[in-house]
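Dear colleague,

I am handing over the structure below, together with an account of what was found in it. Please read the notes alongside the coordinates.

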Amino acid sequence: MKETILDISQNIPPEIEQIDVSLSFKKFIDYIKERIAGETTVKKRFFEFVLDRFTENPRFAGKVELSEIGDFQEQLSLVYNMLVPVIADEKETLWALSVPLKPTIFYETSAFHDLLADKDTGHAKCDLLRDIDISIEKKQKVQMLYAFILERFYGIPSYHNNEMILSIRDDKTCLSKYYKLNLGKDFIEVTAKQPLPELSIEIIQKQAQRDFDWNTLAGILPLSMFKFEGFSVITLTDVTADQAVENIKNIILNPVRETAQSYYEKIIASLNLLIGSHEVRFGLLPELRVNEKLVFSDDLCTHSILVQTSLEQGLEENDFLYLADKFFKNPSVHFYKDLNDGEDHGDFLKVLKTHGVHSYALLPVYNASRLVGVLELYSKQKDLLSEHSLSRLEPALPLIGQLLQNNINEFDSRIENVIKEKFTSLQPAVQWKFKEVAWHYLRDNTIQLPKTPIESIHFKNVYPLYGAVDIRNSTVERNTALHTDLQVQFGALIKVLTIIKENVGLGLADEIIFKCKKWMDRISDQSTENDEVKVLDFFEYEVYPFLQHFRHSEEKLAASIDEYYKVVDKENGIAYANRNALESSMQTINSAVNLYLELFKSEIQQSYPCYFEKFRTDGVEYDIYIGQEIAPEKNFNILYLNNIRLWQLTSMAAIAKITHELMPQMKNPLETTQLIFINSNSIDISFRDDERRFDVEGSYNIRYHVIKKRIDKVHVKETGERLTQPGKIALVYFNSKSAEEYVNYIKYLQEKNTLKNDLEYLELEELQGVTGLRALRIGVNLDGEWS
């Protein structure tokens, strides 16, 4: 036992610092007298002995000065033995006596002293920290005092405990350990120095509330009105394991992530705390699957030591996935205490061994009885991991299971978001409607039989905007590339067939050469898609079986036939050079257009929610729908439509300039045309389940759909000239009023040097079932600077 004075007080509010306290054992002595009066067992003689030792020195029964506490070693020892079980080991018991309601220690066990006192200075350790906010701690101290006063003088039971959590760094592990501090008040007497006021019912009721402002009582019952005599019993309980689990729970429930790495590090720090060593490392590996096949995600699986080391050593990912899948299908605990024990642990654990890992464990982790991943433990130090240390992790495994399930949910959600964004029509602007209809379907079918059919999803009176960016003469360019490549392919084929004929003397080779020459004469720039299919059938069913036979049966012909296959290799063969160049150029244009339209889509959503859908052709087409029914919670005004029309015209000009500037980068330079269809009236659209997209409904609305599908190749009336031209924007319309609106936008963009001063007003040829179409056409300033 120690009788040294140890002040572990921190952040004491001034009102508590100035309270009238005195050290006294009078109430404890009275407690002993009460026990003697009511005791009939052998304990009575012990209590009488203790009372004799307490009262033989009158100073101990009165007010004791802290400076004189060393004079009462025997009495303090008896207090300890009275309050602590006899079988308790003093070297392990965290127990102390302090001045009333103040953590100024004057008598403590060796364990308590060694934990809190610096061995060199004897003062409280500088890294002794409360694990709560300072303001909260100060509030707790005031709470504790007033709860004590209210209970003693007003009979109001205390709703607040006397416990606080403190943390202190362990000298051996360098990890913080957590202790629950309990400040006992059983042997403290409080007296009022003056008459006490009455408290209102309102204050008494609010006292039980968490957010009660205890400073309210300070004005009514200042602490200076009271005197506190006696002593406090302080006990510390190691709650490190509980706190570590609580930390993990808080991290998972309140995932405020600066980065994914910092989030992971906080989890691992708590696991280190739980296991009692920072030398043990951890890895988390969720079970991620796509279409029931196990996959690894770089950002979610990089903390696995087994994954990291295996990939660093060049082991095939598929091999690792195969073994991991076998484990997930038959999970069990794998613990290798010593990888250097001379046994063969397999290739993957050999990799760990080469990285200095001495011990390794793999624990399956479950969430709601379903396997969700594994927790890895490993250490590079001998005898640091054991079965006992693994068992310490058991309280945290359910939380780790929830964490890994969160990882799986996040991964699945990201997959779903990509699908929604890239492949389906379900966009945020209209997602609310799908949710509403889905809820109605679920609600109605829980109470009705037979099943209620799902509602149709439609939006009425929305304004459509249609645009198309087309690659000029894409069909001609494709036919030209195909014709040129096939000429090369037939030339190479005739060459190898001639070699076969000379070496084998097979007349059938002559017959195939004849067919090749006929195809060379037939294939031209105007060849149809049907011609292309027939040529491919000729290669597939006549040529390749013929070549494959001689490739395997005549060794002297194999080299010549292999040379032919190099020519027709789809990736690098010269017989695909023109088609690949064309495809690369088209991909360059479409990627740039798609990227710009994604930016355009994001911008227009900021002013008013609208539905935006792209379609891939040789170029890119898009539909936009905007109106009150798309966003019923936000008031729609025609100004939003005007704004988006201006944006559409501006974006078309930007796309024309971007694709023009890309031409030097293309293997096969291509030009684009830009087309806008102006529809002045609103239409109705509905979601088509069979095509998973929105389409117009109603006879009048279908007319709009028909027109936009036919105008891409429309000609100017009486000229035979295509309306759409490279470097220009064509705007097709019926209503002159709508055209006037766009003319104003054109003038605005001419002032900004975006568009040229060459506006044309054109009449268009009649289309099947459509008459009276007109158009505006304006050139884009492709080479000048825009303001």
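In which sense do strand β2 (residues 20-24) and β3 pair, and over how many bridges? The two strands are antiparallel, and 2 bridges connect them. Within this pairing, L23 lies opposite V64 of β3. Please bear in mind throughout that this is a predicted model.

The overall composition may serve as orientation. The protein chain holds 26 helices and 26 strands. Of its 787 residues, 45% are buried. Among the contacts in the protein chain with a separation of 6 or more, 69% are between residues 24 or more positions apart.

Sheets

The pair described above belongs to an open sheet of 4 strands, ordered β3-β2-β10-β9, in which the pairing is mixed. Its edges are formed by β3 (63-64) and β9 (188-192); each of these has a single partner strand, so one side of each has no neighbour in the sheet.

A second open sheet, also described by 4 strands, follows the order β12-β17-β16-β15, and its pairing is antiparallel. Here β12 (281-286) and β15 (334-336) occupy the edges, and because each has a single partner strand, one side of each is left without a neighbour in the sheet. With direction ignored, neighbouring strands of this sheet are turned by 20° against each other on average. At the β15 edge, 3 bridges link β15 to strand β16 (residues 359-367), and the two run antiparallel. Y336 is found opposite Y360 in β16.

Two helices are associated with this second sheet. Helix α13 (residues 305-312) packs on the sheet and touches β12, β16 and β17 (370-379), with its direction at about 70° to that of β17. Helix α14 (residues 317-329) lies across β15, β16 and β17 and runs at about 115° to β17.

As a general point, strands of a sheet pair through backbone hydrogen bonds, in either a parallel or an antiparallel manner.

A buried strand and its partners

Strand β21 (residues 672-677) deserves separate mention. Of its 6 residues, 6 are buried, so the strand is largely enclosed by the rest of the structure. Both of its faces are covered: T672, Q674 and I676 are buried on one side, and T673, L675 and F677 are buried on the other.

Which strands pair with β21, and in what sense? Strand β18 (residues 458-471) runs antiparallel to β21 and is joined to it by 6 bridges, and A468 has L675 of β21 as its bridge partner. Strand β24 (residues 728-733), by contrast, pairs with β21 in the parallel sense over 4 bridges. There, Q674 has I729 of β24 as its bridge partner.

A hairpin

Strand β19 (residues 611-616) and strand β20 (residues 620-626) run antiparallel and are joined by 6 bridges. The bridge partner of F612 in β20 is I624. The connection from β19 to β20 is a hairpin through 3 residues.

Helix packing

Two helix pairs were examined. Helix α3 (residues 43-55) packs with helix α5 (residues 73-83) at an angle of about 150°, and their axes are 10 Å apart. Because angles over 145 degrees count as roughly antiparallel, α3 is roughly antiparallel to α5. The crossing of α3 past α5 is left-handed. On the α3 side the contact comprises F46, F47, F49, V50, R53 and F54, and on the α5 side E74, Q75, L78, V79 and M82. By class, this contact of α3 with α5 consists of 8 nonpolar, 1 polar and 2 charged residues.

The other pair is helix α19 (residues 474-504) and helix α22 (residues 555-567), whose axes come within 9 Å and cross at roughly 175°. These helices, α19 and α22, are therefore roughly antiparallel to each other. In α19, the residues V488, Q489, A492, L493, V496, I499, I500, N503 and V504 meet K556, L557, S560, I561, Y564 and V567 in α22. The contact of α19 with α22 divides into 11 nonpolar, 3 polar and 1 charged residues.

Yours sincerely

Terms used
Residues numbered from 1 in each chain as written. Predicted model: local features only at pLDDT ≥ 70, side-chain atom pairs only at ≥ 80, totals over all residues. Heavy atoms only, no water. Axes fitted to C-alpha atoms, helices over the stretch in contact; angles between N-to-C directions. Parallel < 35°, antiparallel > 145°, perpendicular 65-115°, else oblique. Left-handed = near helix turned anticlockwise from the far one by under 90°. Contact = heavy atoms within 4.5 Å. Nonpolar A, V, L, I, M, F, W, Y, C, P; charged D, E, K, R; others polar. Pairing = 2+ DSSP bridges. Buried < 20%, exposed > 50% of the residue type's maximum accessible area, 1.4 Å probe, protein only.
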